[in-house]
2 protein chains.
Amino acid sequence: MDSKEFRIRGKEMIDLVADYLENIENRQVLPSVKPGYLKDLIPSEAPAHPDKWEDLVSDIERVIMPGVTHWHSPHFHAYFPTANSYPAICADILSDAIACIGFSWIATPACTELEVVMMDWLARLLNMPEFYLASSGGLGGGVIQGTASESVLVTLLSARNKAIHEAKLEHPEWSDYLIRSKLVAYCSDQSHSSFERATLLAPVKCRKLPCDKKYSLRGETLLNAIENDKKEGLIPFFVCATLGTTSVCSYDNLEELGPICHENNIWLHIDAAYAGSAFICPEFRPYLNGVEFSDSFNFNPHKWLLVNFDCSALWIKNRSFIVDSFNVDPIYLKHEHQNVAPDFRHWQIPLGRRFRSLKLWFVMRIYGATGLQDYIRKHVDLAKYFESLVNKDDRFEIVGEVTLGLVCFRLKQSNELNENLLKIITQDAKIYMVPSKINDIYFLRFAICASSTEKRHVEFAWENILKHTDILLKNNQ
Amino acid sequence: MDSKEFRIRGKEMIDLVADYLENIENRQVLPSVKPGYLKDLIPSEAPAHPDKWEDLVSDIERVIMPGVTHWHSPHFHAYFPTANSYPAICADILSDAIACIGFSWIATPACTELEVVMMDWLARLLNMPEFYLASSGGLGGGVIQGTASESVLVTLLSARNKAIHEAKLEHPEWSDYLIRSKLVAYCSDQSHSSFERATLLAPVKCRKLPCDKKYSLRGETLLNAIENDKKEGLIPFFVCATLGTTSVCSYDNLEELGPICHENNIWLHIDAAYAGSAFICPEFRPYLNGVEFSDSFNFNPHKWLLVNFDCSALWIKNRSFIVDSFNVDPIYLKHEHQNVAPDFRHWQIPLGRRFRSLKLWFVMRIYGATGLQDYIRKHVDLAKYFESLVNKDDRFEIVGEVTLGLVCFRLKQSNELNENLLKIITQDAKIYMVPSKINDIYFLRFAICASSTEKRHVEFAWENILKHTDILLKNNQ
């Protein structure tokens, strides 16, 4: 395909994409295919000679679409949202064309420098502490990671190295292995599984601490755990606090946890993967109070800020901890400017990196701060509307508090009945939700996800839930 | 931006991209900007209200392009190639529109299933052992990772868990920490820095073993190291062999290393990040002989197989080792099919993942196997041509052997003079190369990178090198 043909095919693809997203509501949100469906639809090996473009395009509908879970259908209410916007798609097209690998400043200065400035733009939108901004001239700064899982792993590994270094100063006779065996990280029992996984990979001990009745980790609980571990001769070194948990969108108590971490020389990481985007609205910013105690902060613009995956924003208070942990510098990557501009390869697990800051630039400019705030507020309003519908029906109860775009609810009945309800809703496949469970209470999660979601889709979902509830309860009598 | 406007803006972006790539040769390959150039060209915070699209587009040329190192210029000969093709860009547009997060089968069955089949297509193109193919019905299979760094880290962590498990069977009284302190991984002193970094992160001991005169790690060297470590009570558990080293594109001797790993129950990982793409040509496939001894194999279609970054292909002989190491399964990710289809989140560091197999599908179909082979062969021929030009000039010598698309060469003079030569070539910025150093011998690397590279660009580069050589040697007299 030469550039002349690309001008035709690329534009066809733009129309195909616009057609898909304009009409996505008419597709069944959850596919009906069975595992293994696809391999029977295509050959078992690559064609020896070029296929026709037309055949490839017609296979998108024949082979791919039957197996797509339409995350951008307004009937998709599962997990948390993942972002999708036309400006971000345009930015990705440009990024794909430049197709640089921005592992060092010299490998494409614009890739590194736009990222530095965009992370500052984003930090200012959230009214983050000045020490996280590169332009503050301090040791802090932001970097785009692929996912929150990578962000917390990178952070944990950096904190691990810092803790080992400090322990060695006090106990030069201790080996790295001995010190590692003493390190303890903490999170709440509502933390995302990616943190537990990071501790398995690191590997360090992980204590999942119980939450209060609002599913929030409190200071006293942490303090007790720290003191117990210290008595055992262990070294508490890391706390992962969550703002907006996956199960129920609850918030750990930063203003209690922060000072405790500070006093005990413990790295405080904040995982606000989903909720973080909302903090650009002044009315939701109070959830971030206490961020001034943190050593690192992460949220995913690729979830709720209209920037297509992947774009996970991570800020570090002192970048030297991360750079020192990841720096292995061979000659073919050295360049004369490496002491004056960040080489982001030292800030992440992969060596290579795409030009992802273009997406942030396009999205922040084309929506503007107010446009992004409007987007967040619309989703929160839709969730509040769904909550009001649930509250009108005595058979249901809300689980947790509806603070942003997630509503957790259940029939005031057994877990089994709630499981059956979700099962028949999922089989019907008109809407898609996933469940969660806290303290053995099973519940359904209704998240506002797609950018095209309107009031009528929320009503459609609720009617669908009611229809299946009526049948289920009738059959159950 | 609604879909109506996207139909216009997206198509403008297609033309902008085609214009950029059609005319890329006329741009200076390496930018002249100084660190910090960009922040003065744009505001220090996001606009409150939407910017105009036209202003954004004109800023691409004003703000971004002056700081771009043009990896797809035919004058770019640095590092190794990174792929860029129109079919892959089209696939990425589709992937961005579907914008699913394929962490589990149910989260988009097509995303998982196309990946399974595409990894088999790719394995067949390389004539890989049957045990690596999912369709073989065995325990093996392929997965797309982001980068070779992630591939080797994931593999190392899996092997680490396997080794700990096995050591515990023999010594139930040993702690995990004690066992980890005994684990030893091996590579050659020519391995990519990402492997050493993986061992730092894991963390396990890493022995960088010396190569022979052809920069190849030999069996005897490995065997001696293993025996020495065993005598010390350590546990050799992992070898990272490289096919196509970054410095000089040399090959570790798989047929010697393989049986030694096999006899010593050592996980053999093959890193063929760059060279792997060439193995689709029967004449280069012999470099892969010995792959039948390996436990995992990785190469990057995003380097040399026309699939845009990121697409790093990793195969594992026994997927249970990787799944067991990475599986932390919360209820909101459970689904009823998880025992019959792979949930690729257990095969990688991140939880989320894009629909990257679309790129492989588009590229393999639109080029066909023969088209891809022609592409590889053309680059190798161009490298051979450059080698012939170097060989005609007595002042220069070739370092290593030119086997694929990389030519390493130097003036038969001091390191300092060679460093100066590269420095003035880089300052002139008509072509871009990076250096390397082996056994204190500094040399220049000339890689065929861009898909648009033709014989005339190779001649242009050589003339540029000669011009600077003449001036340098004259000034040096």
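**View 1. Phe297(B) has Trp315(B) as its bridge partner in β7(B).** The model shown here and in the other views is predicted. Strand β6 of chain B covers residues 296-299, and strand β7 of chain B covers residues 312-316. The two strands run antiparallel and are joined by 4 bridges.

**View 2. The 7 strands of an open sheet in chain B follow the order β1-β7-β6-β5-β4-β2-β3.** Pairing in this sheet is mixed. Its edge strands are β1 (141-145) and β3 (205-209) of chain B, and each of them pairs on one side only. From one strand to the next, the twist averages 20°.

**View 3. Helices α5 and α8 of chain B pack on the 7-stranded sheet.** Helix α5 of chain B is made of residues 148-170. This helix touches β1, β2 (183-188), β4 (235-242), β5 (267-271), β6 and β7 of chain B. The direction of α5 makes about 160° with that of β4(B). Helix α8 of chain B, residues 219-231, touches β2, β3 and β4 of chain B. For α8, the angle of about 160° is taken with the direction of β2(B).

**View 4. Chain B and chain A meet in a contact that takes 144 residues from each chain.** About 12,400 Å² of area is buried between the two chains, and carbon and sulfur atoms give 68% of this area. Between chain B and chain A there are 12 salt bridges. The count of residue pairs in polar contact between these chains, both residues at pLDDT 80 or more, is 60. On the side of chain B that touches chain A, helix α1 (residues 3-22) of chain B supplies the largest share, 16 residues. Sorted by class, this side of chain B has 86 nonpolar, 28 polar and 30 charged residues.

**View 5. A salt bridge links the side chains of Arg7(A) and Asp19(B).** The distance from N to O is 2.6 Å. Side chains of opposite charge can pair when their charged atoms come close.

**View 6. Within chain A, the side chains of Arg353(A) and Glu115(A) form a salt bridge.** Here the N to O distance is 2.8 Å. The pair links distant parts of the chain, with the two residues 238 residues apart. Arg353(A) lies in the loop between α11 (319-326) and α12 (357-391) of chain A, whereas Glu115(A) belongs to helix α4 (residues 109-125) of chain A. Over all chains, the count of salt bridges comes to 60.

**View 7. An open sheet of 4 strands in chain A has the order β8-β9-β11-β10.** The pairing is antiparallel. Strands β8 (396-399) and β10 (434-438) of chain A are the edge strands, each pairing on one side only. Neighbouring strands are turned by 40° against each other on average, direction ignored. Strand β10(A) is joined by 5 bridges to strand β11 of chain A, residues 441-447. Lys437(A) has Tyr442(A) as its bridge partner in β11(A).

**View 8. Helices α12 and α13 of chain A pack on the 4-stranded sheet.** Helix α12(A) touches β8, β9 (406-411) and β11 of chain A. The direction of α12(A) makes about 15° with that of β9(A). Helix α13 of chain A, residues 415-428, touches β8, β9, β10 and β11 of chain A. The direction of α13 makes about 30° with that of β11(A).

Methods. Residues numbered from 1 in each chain as written. Chains lettered and ligands numbered in written order. Predicted model: local features only at pLDDT ≥ 70, side-chain atom pairs only at ≥ 80, totals over all residues. Heavy atoms only, no water. Pairing = 2+ DSSP bridges. Axes fitted to C-alpha atoms, helices over the stretch in contact; angles between N-to-C directions. Contact = heavy atoms within 4.5 Å. Buried area = accessible area lost by both parts, 1.4 Å probe. Salt bridge = Lys/Arg side-chain N within 4 Å of Asp/Glu carboxyl O. Polar contact = N/O pair within 3.5 Å; in protein donor to acceptor, adjacent residues only side chain to side chain. Nonpolar A, V, L, I, M, F, W, Y, C, P; charged D, E, K, R; others polar.
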